[in-house]
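Welcome! Here is a short, friendly tour of a few spots worth finding in the model. Keep the 3D view open as you read.

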Amino acid sequence: MTPAAKLSRFFLPTLREAPSDADNVSAKLMFRSGMIRKVASGIYEWLPLGLRVLRKIERIIREEMDSIGGQEVSLPVVQPRALWDETSRWGVYGKELLRFKDRKDGEFCFAPTAEEVVTDLVRREIRSWRQLPLMLYQIGLKFRDEIRPRFGVMRSREFLMKDAYSFHAGEDDVTRYYGEVVGAYKKIFGRCGLNFRPVEAQSGAIGGSFSHEFMVLAETGEETIVSCADPQCGYAANIERAEASRPGDARTGPSSANDPNLKTPADIPTPGLHAVEEVAKLLGEQPRRFLKTQLYILHGKPVMALLRGDHQLNEAKLAAHLAAPEIRRANEDEYVKFLGCPVGFAGPQGHPDVPIHADYAALGVLNGITGANKNGFHARNINMWRDFNAAGQADLRMTTAGDPCPRCGRNLEWHKGIEVGHTFKLGIKYSQAMGATYLDKNQNPQPAVMGCYGIGVGRTVAAAIEQNHDAAGIRWPASIAPFHAVLIVLDLAADPRVREAAASLRSALLAAGVELLEDDREDSPGVKFKDADLIGIPLRIVLSKKSLDRGGAEIKLRSALQPEIVPLSECLPRSLALLGFSGKEAVAATTE
């Protein structure tokens, strides 16, 4: 039986005010509740209270990863450049990769992820299809040199992460297993007591053909989630991935050039007016009647994105459409060089050497208004297929309010969320580059097909606080709370009944498996109550002369408005019921 933690001896340096640089709710409350302290920008110490929460989340993760056949390993955080050169990521990853040399001038990095290292391990040990599938995972430190760390542990440079990697004999098997991992992730975040949603996402620098982000819903989240209002549909995506339906008025081919409704182009003087909104106001037109151009540089050459005037470009969609790992917005000099005019006056017409990639909605603009390709002028009545051609057509825009669900056509909803996990179908990007092959049933070498699955453990702690707090402090879900209950004993010297009742109740709670923090400090009741609310313990039990005179102990859930008086004989079952479990087995179930 684990004894109660005595608050007088527990290292819990709470603060009345958060540091001035704590820039979101979770960071403020983690500092104030004594969970973390800052060592340097984006680097934090985890104190005992915070570490207890981390360890509970780790336990849940391990149990669910093990349940789907995962095997835990510990991979090095210092990785040699040679492995990263094999996948060409040493020069691509950017300044977030912390690079350094050892005393022999060997080049290394501090791991931001582990695709190269784990693929190297598997290629040295796996030979046959009979050894697959294989899933290896670890929970360990990572480092990404964020240019502007913020939001406490939510966007730090050093962070604790669960990263897992699976290897398969074929695409069908990785697809099957990907579904198992998504199911395990749902159990993990459900067991953590979080309101979350898996959403379709872009794969980004990790690569791969398909991915999901797991978002904890919170108004303070920095990510935008688009989802169908009909829960039976189930469509959900982050704003970068969210699909926009193709409109029915698209003019889709050269035959549109013969449309009798096409009008003659004409230039319009618009001195000093660059933005669609400015020109629309001058002309008394709606922004949806405009064709908006944006110039990008791909492999040193210009490409143009074309949008309807009331839409915004989604650069992630453009990059995916162009199959480009990286594109760059053209600067002012490049606009002049390639299009002959400053930014704000460019149009799609007259540039046969610049490939134009049109968003589907732009295909429906008839007699559009756009830049005239000369400073201070726009042009009316510009039409696709007559005045210019599109090299490509795709969904390139951000979704907007009023867009229908791309799956079922019903309304879409917008939410704010915090990313806590990300799953990827990697394919053979890393295994092919690094020669991680197996012999198939016909003894032919094949590259292993991979999946990659991450969870930000520290981010999950912060996201839980962002979703569960009030003006008084944190409100932990019982499954990840640092303690289940706090016992506050008053009037020990004034009434011998208090000591006897406290000893009996303490023993009963501990025997039932309740993780108990006892506030034995010589402080006022008000200070003890405020600290209990601040650190977010789910259940507060107060024993005092006053409570005994009223018939028992004062018990209050952290989320309740008022406490209740419970007879001493009923305190244990009532406490267990309020916590949502009974007995040792049920106590364990709150963290399973």
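Let's begin with a pair of strands: β6 and β7 (residues 107-110) run antiparallel and are joined by four bridges. Please keep in mind that this is a predicted model. From that pair we move out to the sheet around it, then to a helix crossing and a buried arginine.

**The three-stranded sheet**
- Within the β6 and β7 pairing, R99 has C109 of β7 as its bridge partner.
- The two strands belong to an open sheet of three strands, ordered β5-β7-β6 with antiparallel pairing.
- Because β5 (78-80) and β6 (98-101) each have a single partner strand, they stand at the edges, and one side of each has no neighbour in the sheet.
- From one strand to the next, the twist averages 35°.

**Where two helices cross**
- Helix α1 (residues 25-32) and helix α10 (residues 457-467) have axes that come within 8 Å and cross at roughly 100°.
- This crossing makes α1 roughly perpendicular to α10.
- On the α1 side, V25, S26, L29 and M30 make the contact, and on the α10 side V461, A462, I465 and E466 do.
- Sorted by class, the residues in this contact are six nonpolar, one polar and one charged.

**A buried arginine**
- R540 sits in strand β30 (residues 539-543).
- Is R540 buried or exposed? R540 counts as buried because its relative accessible area is 11%, under the 20% cut-off.
- The side chain of R540 forms a polar contact of 3.4 Å with the side chain of E554.
- Leaving aside residues up to four places away in sequence, R540 touches V486, I488, F529, A532, E554, I555 and K556.

Technical notes. Residues are numbered from 1 along each chain as its sequence is written. This is a predicted model: local features need pLDDT of at least 70, side-chain atom pairs count only at pLDDT 80 or more; totals for chains, interfaces and linings use all residues. Side-chain values use heavy atoms; hydrogens and water are left out. Two strands pair if DSSP finds at least two bridges between them. Axes are lines fitted to C-alpha atoms, for helices over the stretch in contact, and angles run from 0 to 180 degrees between N-to-C directions. Buried means under 20% relative accessible area, exposed over 50%, partly exposed in between (1.4 Å probe, protein chains only). A polar contact is a pair of N or O atoms within 3.5 Å; within protein, one must be able to donate a hydrogen and the other to accept it, and residues adjacent in sequence count only if both atoms are side-chain atoms. Contact means heavy atoms within 4.5 Å. Angles under 35 degrees count as roughly parallel, over 145 as roughly antiparallel, 65 to 115 as roughly perpendicular and the rest as oblique. Ala, Val, Leu, Ile, Met, Phe, Trp, Tyr, Cys and Pro count as nonpolar, Asp, Glu, Lys and Arg as charged, and the others, Gly among them, as polar.
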